[in-house]
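Let's take a walk through this one together. Have the viewer open and follow along.

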Amino acid sequence: MKEYTPVKEGKVREIYDDGDALIMVATDRISAFDVILKNKVTDKGKVLTQLSKFWFDYTKDILPNHMISTDVNDMPEFFRNEQFAGRSMLCRKLNMVPVECIVRGYITGSGWASYKKDGTVCGITLPEGLKECDQLPEPIYTPSTKAEIGDHDENISFEQSVDVLEKAFPGKGREYAETIRDCTIALYKKCADYARTKGIIIADTKFEFGVDENGNIVLGDEMLTPDSSRFWPLEGYEPGHSQPSFDKQYVRDWLKANPESDYNLPEDVIARTIEKYKEAYLLITGSELNV
């Protein structure tokens with residue numbers, strides 16, 4: 001049996017090269033504030049992979065994605081075991097776009113902090129009088145750079161994203177920037193509308209895109225997971241203060257309240273975190289996580 005080692009390791013995912021394809025494995029690692037925490041959250045990687053699969057299937061009418069299969073039986077023998085089952089995705093190879101595509105439908109987090117300061121979010125002027133966690137009149141697109149582990153992403157304007165993409169894809173910068181902006185908004189609107197019918201508000205999220213061998217934009221990485229999005233319960237939603245969540249904001253809040261923790265979570269916080277992730281999965285997909 002051929003042995004495989006990761007060709008790239010991110011904060012959460014490990015990437016394996018399988019010739020014409022990649023195998024993306026979501027570990028149970030969790031990160032916050034650009035730091036990988038000392039704990040693992042059991043089954044978290046399975047939630048990320050299976051929820052991404054659900055959304056990739058749901059949105060393939062808007063844009064093709066990189067997913068080929070999440071069944072380890074479709075992968076080399078090395079991956080056909082419990083270690084990889086449920087958390088692995090066989091993917092098309094793409095030339096990834098060096099921009100994180102963030103869309104905000106509600107004002108919260110760093111966006112709220114910026115708005116309180118000068119009425120803008122990432123340079124976009126918003127209406128006066130918004131309250132914390134208010135829904136925006138229309139979703140806004142706020143791209144950022146993609147930082148290495150340990151560094152912070154940097155918010156950039158749309159025009160700056162054109163420049164970044166022109167350097168990466170000469171002659172295609174503006175075309176690709178416009179395409180990923182428009183796809184980001186379209187994907188968010190479709191999925192946010194769906195999630196709302198299931199009792200979840202998607203406050204914001206990020207997407208990543210790549211370019212295939214024919215020069216087409218393709219959706220990649222993960223999609224609308226509790227790691228990459230803010231999920232709020234629709235029941236009890238009330239602007240004017242922070243909202244309870246189904247995502248890792250719970251971990252961020254605990255770390256802020258316990259600065260002496262040195263990024264080490266107690267068992268009850270770990271248990272509550274995966275409980276929230278699985279609850280979001282159940283509400284969105286209508287089925288229990290069973291992989």
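What volume does the second largest pocket have? In this predicted model, the answer is about 200 Å³. Its lining is made up of 15 residues, and Tyr 106, Gln 135, Tyr 188, Ala 192 and Asp 193 are the ones nearest the centre. If you trace the walls back to the fold, strand 9 (99-106), strand 12 (135-141), helix 4 (173-197) and strand 14 (200-211) each put in at least two residues. The lining splits into nine nonpolar, two polar and four charged residues.

Now for the rings. There are 19 aromatic pairs in the structure. Take Tyr 16 and Phe 84: their ring centres are 6.0 Å apart and the planes meet at 85 degrees, so this pair is edge-to-face. Tyr 16 belongs to strand 2 (residues 13-18), while Phe 84 sits in the loop between strand 6 (67-69) and strand 7 (88-92), so the contact ties together parts 68 residues apart in sequence. Both are buried, Tyr 16 at 5% relative accessibility and Phe 84 at 2%. Ring pairs also join these two with Tyr 4, Phe 78 and Phe 79 in a cluster.

Some rings have charged company, too. The charged end of Arg 181 sits over the ring of Phe 158, 4.6 Å from its centre, and Lys 190 lies over the face of Tyr 58, 4.6 Å from that ring's centre.

Last, the cysteines. The disulfide count is zero. Cys 122, which is partly exposed at 26%, has its closest cysteine sulfur 13 Å away in Cys 101, too far for a bond. Cys 183 is buried at 11%, and its sulfur is 9.3 Å from the closest one, again in Cys 101, so no bond forms there.

Terms used. Residues are numbered from 1 along each chain as its sequence is written. This is a predicted model: local features need pLDDT of at least 70, side-chain atom pairs count only at pLDDT 80 or more; totals for chains, interfaces and linings use all residues. Side-chain values use heavy atoms; hydrogens and water are left out. A disulfide is a pair of cysteine sulfur atoms within 2.5 Å. Buried means under 20% relative accessible area, exposed over 50%, partly exposed in between (1.4 Å probe, protein chains only). On a 1 Å grid over the protein atoms alone, a cavity is a set of points where a 1.4 Å probe fits but cannot get out, and a pocket is an open set with protein on both sides within 12 Å along at least five of seven lines; lining residues have an atom within 4 Å of a point. Grid points are joined across faces, edges and corners, and a volume is the space filled by probe spheres set on the points. Helices (H or I, at least four residues) and strands (E, at least two) are DSSP runs, numbered from the N terminus. Ala, Val, Leu, Ile, Met, Phe, Trp, Tyr, Cys and Pro count as nonpolar, Asp, Glu, Lys and Arg as charged, and the others, Gly among them, as polar. Rings of Phe, Tyr and Trp (its six-membered ring) pair if their centres lie within 6.5 Å; planes under 30 degrees apart count as stacked, over 60 as edge-to-face and the rest as tilted. A charge sits over a ring if NZ of Lys or CZ of Arg is within 6 Å of the ring centre and within 35 degrees of the ring normal.
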